[in-house]
Amino acid sequence: VILGIDPGSENSGIIILEDDSIVRGDNIPNEDMFVLIDKYHLFNTDCRLLVIYEDIRPFTSRFNMDTINTCKIIGRLEYVLKQQRIPFRAITRNEVKAFVFNKYGSVAIPEIEKKIAKKGRVNKDGKTLKPSFQYVDDRIVKQAMKKHWSIETPKPGKSDPRGIKTHVWQALGTVTCYFNIEAIKISGTF
């Protein structure tokens, strides 16, 4: 079982995969996330659990209380995982963004070009900036994950039967990025 997590200050997006299939996605209170980890690790002895979560790295803007509280949740998550000897891997948002840009350029680049044009971004000589992974946002990650996992948009008024919504897309992007990193390690190509 793979548990993907997009940690938040109060709620986290989670995605559960079993045998490389999406079983469940949800945005849940952080306390429920820890209960879920216990459910799979402590109360299901037939299960091997791997946790993949989106990590926070330093960035240039100021931290707000929401970001600080998310960092505290990540610290608690790592502590719990280490105490229970559950294997885990932290993937940064930049790794996910670079993965989406490089692997799903056909999805990402047109959206990024629109974003650059809308904001009027130009370099010193006045030419329009070239697309780069820094412009990948949650909406582009969602589009790439829909393509990767062949997830259709639900009909109006309906929701995804597995619960994939909002922060769950970023959790799914994190897990998918992890799969890509591992595939590269195995194949030896970069």
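1. A residue is called buried when its relative accessible area is under 20%, exposed when that area is over 50%, and partly exposed in between. With this in mind, F179 counts as partly exposed, because its relative accessibility is 24%. The model discussed in this note is a predicted one, and each point below should be read with that in mind.

2. F179 is also a good place to begin with the open spaces of the model, since this residue is among those that line the second largest pocket. In general, rolling a probe the size of a water molecule over the atoms shows where empty space is left. For the second largest pocket, the volume comes to about 220 Å³. The lining is made up of V1, I2, L17, E18, D19, D20, R48, L50 and F179. Sorted by character, this lining holds five nonpolar residues and four charged ones, with no polar residue.

3. The next point concerns aromatic rings, and a pair of such rings is described by the distance of the centres and the angle of the planes. Three aromatic pairs are present in the structure. One of them joins F99 and Y104, whose ring centres are 6.1 Å apart and whose planes make an angle of 85°, an arrangement that is edge-to-face. The label edge-to-face applies because planes over 60 degrees apart are counted in that way. Both partners can be placed on the accessibility scale: F99 is buried, with a relative accessible area of 6%, and Y104 is likewise counted as buried, at 9%.

4. A further aromatic pair is formed by Y178 and F179, with 6.2 Å from centre to centre and 50° between the planes, and this pair is tilted. Which of the terms buried or exposed fits Y178? With a relative accessible area of 14%, Y178 is buried, whereas its partner F179, at 24%, counts as partly exposed.

5. A ring can also have a charged side chain placed over it, and the example here is F34. R76 lies over the face of F34, at 4.0 Å from the ring centre.

6. Turning to the helices, T70 belongs to helix α2, which covers residues 65–83. T70 is buried, because its relative accessible area is 7% and the cut-off for that word is under 20%. If neighbours within four places in sequence are left aside, the residues in contact with T70 are P7, G8, S9 and I56.

7. E10 is found in the loop between strand β1 (2–6) and strand β2 (11–18). At 60% relative accessibility, E10 counts as exposed. Which residues does E10 contact, leaving aside its neighbours within four places in sequence? They are I28, P29 and N30. A separate value concerns the backbone: the C-alpha atoms of E10 and D66 are separated by 8.6 Å, although these residues are 56 residues apart along the chain.

8. The loop between α5 (138–149) and α6 (167–187) deserves a point of its own, and S150 is one of its residues. The phi angle of S150 is near 50°, which is a positive value in a residue other than glycine. S150 counts as exposed, with 63% relative accessibility. T166 lies in the loop between α5 and α6 as well, and its phi, near 25°, is again positive in a residue other than glycine. With a relative accessible area of 55%, T166 is exposed.

9. E152 is also located in the loop between α5 and α6, and at 69% relative accessibility E152 counts as exposed. How far apart are the C-alpha atoms of E152 and K114? The separation is 23 Å, for two residues that are 38 residues apart along the chain.

Technical notes. Residues numbered from 1 in each chain as written. Predicted model: local features only at pLDDT ≥ 70, side-chain atom pairs only at ≥ 80, totals over all residues. Heavy atoms only, no water. 1 Å grid on protein atoms, 1.4 Å probe; cavity = no way out; pocket = protein on both sides within 12 Å on 5 of 7 lines; lining within 4 Å. Points joined across faces, edges and corners; volume = space filled by probe spheres on them. Nonpolar A, V, L, I, M, F, W, Y, C, P; charged D, E, K, R; others polar. Phe/Tyr/Trp six-rings, centres within 6.5 Å; stacked < 30°, edge-to-face > 60°. Buried < 20%, exposed > 50% of the residue type's maximum accessible area, 1.4 Å probe, protein only. Lys NZ or Arg CZ within 6 Å of the ring centre and 35° of its normal. Helix = DSSP H or I, 4+ residues; strand = E, 2+ residues; numbered from the N terminus. Contact = heavy atoms within 4.5 Å.
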